[in-house]
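Please open the model in your viewer and keep the sequence panel visible. The tour below proceeds by selections, each followed by a description of what is found there.

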Amino acid sequence: MSIIFHYSLVSFRHDILATQFKKVEEHSAKLAEIGELAESSLDRTLNYFYYFVSAQKEYVHERYRSAIKLLRKAEEFLACLHDDAEEAEFSMYAGVLFYRLNQYPVAAFYMEEAYRIFKRLNYEESYLNGQIVLAGIDSELGHSQKAQVRLKEALSESDKYPVVGD
């Protein structure tokens, strides 16, 4: 039974990312059902994904305080995954959330962690995205020279990726 819930959470997360949030409402009832199981479960991985996906759902609906609360709950279970890529994804998402809320020092903390891990894992597109968000944070904090350097580095490293829509 637990494997079905794991699959459902991963499927929900995929739908959030792949369809730009159009299928979010279709899965809300299933997410609530999984939440009931996660609350009583000893499966720390299931708990992590439930809270992380729920935070994403709240973010989509612009319920930011709830998203932060769920994200912090997910963070409690993150270490049990022993997965650097998932840790980087979590940090990237947290960084974007706090950036959206103009909480630049907190956003920078998470984004720098994501950038560092993605760079070490050689996930080029992800660390370039992190670099761009960090440049945005630098710009918002009035560090325009630092932002410009970051953007130039990201631009020079992104030459091998095609521009979508051209």
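## First stop: H3 and H4

H3 and H4 are roughly antiparallel to each other, a term for angles over 145 degrees, whereas those under 35 degrees count as roughly parallel, 65 to 115 as roughly perpendicular and the rest as oblique. The model is a predicted one, in which local features need pLDDT of at least 70 and side-chain atom pairs count only at pLDDT 80 or more, while totals for chains, interfaces and linings use all residues. Residues are numbered from 1 along each chain as its sequence is written, and side-chain values use heavy atoms, with hydrogens and water left out.

Select residues 44-60 for helix H3 and residues 64-78 for helix H4; the two pack at an angle of about 160°, and their axes are 8 Å apart. Axes here are lines fitted to C-alpha atoms, for helices over the stretch in contact, and angles run from 0 to 180 degrees between N-to-C directions. Helices (H or I, at least four residues) and strands (E, at least two) are DSSP runs, numbered from the N terminus. H3 and H4 make a left-handed crossing; the term applies if the near helix is turned anticlockwise from the far one by less than a right angle, and a clockwise turn makes it right-handed.

Next, display the side chains between these two helices. On the H3 side, the residues in contact (heavy atoms within 4.5 Å) include Tyr48, Tyr51, Phe52 and Tyr59. Among their partners in H4 are Tyr64, Leu70, Leu71 and Phe77. By class, the contact of H3 with H4 consists of twelve nonpolar, three polar and four charged residues. Ala, Val, Leu, Ile, Met, Phe, Trp, Tyr, Cys and Pro count as nonpolar, Asp, Glu, Lys and Arg as charged, and the others, Gly among them, as polar.

While H4 is displayed, select Arg72, which is placed in this helix. Is Arg72 buried or partly exposed? Arg72 is partly exposed, at a relative accessible area of 41%; buried means under 20%, exposed over 50%, and partly exposed in between (1.4 Å probe, protein chains only). Apart from residues up to four places away in sequence, Arg72 touches Phe98 and Tyr110. A distance drawn from the C-alpha atom of Arg72 to that of Phe52, 20 residues apart along the chain, should read 8.8 Å.

## Second stop: H3 and H5

Keep H3 and add H5. These helices pack at an angle of about 25°, with axes 12 Å apart, which makes H3 roughly parallel to H5. H3 passes H5 in a left-handed crossing. Tyr48, Phe49 and Phe52 are among the H3 residues that meet H5, where the partners include Phe90, Tyr93 and Leu97. The contact of H3 with H5 has nine nonpolar, one polar and three charged residues.

## Third stop: H5 and H7

Now hide H3 and show H7. The axes of H5 and H7 come within 11 Å and cross at roughly 25°, so H5 is roughly parallel to H7. The contact is made by Glu89, Met92 and Tyr99 of H5 with residues of H7 that include Ser126, Val133 and Ile137. By class, it holds four nonpolar, four polar and two charged residues.

Two residues of H7 merit separate selection. Ser126, in helix H7, is buried, with a relative accessible area of 18%. Not counting residues up to four places away in sequence, Ser126 touches Glu89, Met92 and Phe118. Asp138 also has its place in helix H7 and counts as buried at 6% relative accessibility. Beyond its neighbours within four places in sequence, Asp138 is in contact with His143, Ser144, Lys146, Ala147 and Arg150.

## Fourth stop: the nonpolar core

Which residues touch the most other members of the largest nonpolar core? Of its 38 residues, they are Tyr48, Phe52, Leu71, Phe90, Leu97 and Ile137. Such a core is a set of buried Ala, Val, Leu, Ile, Met, Phe, Trp, Tyr and Cys residues joined through side-chain atoms within 4.5 Å. H3, H4, H5 (84-100), H6 (104-121) and H7 (124-140) each give two or more residues to this core, and H6 gives the most, with nine.

## Final view: the whole chain

Finally, show everything: the protein has eight helices and zero strands. Of its 166 residues, 43% count as buried.
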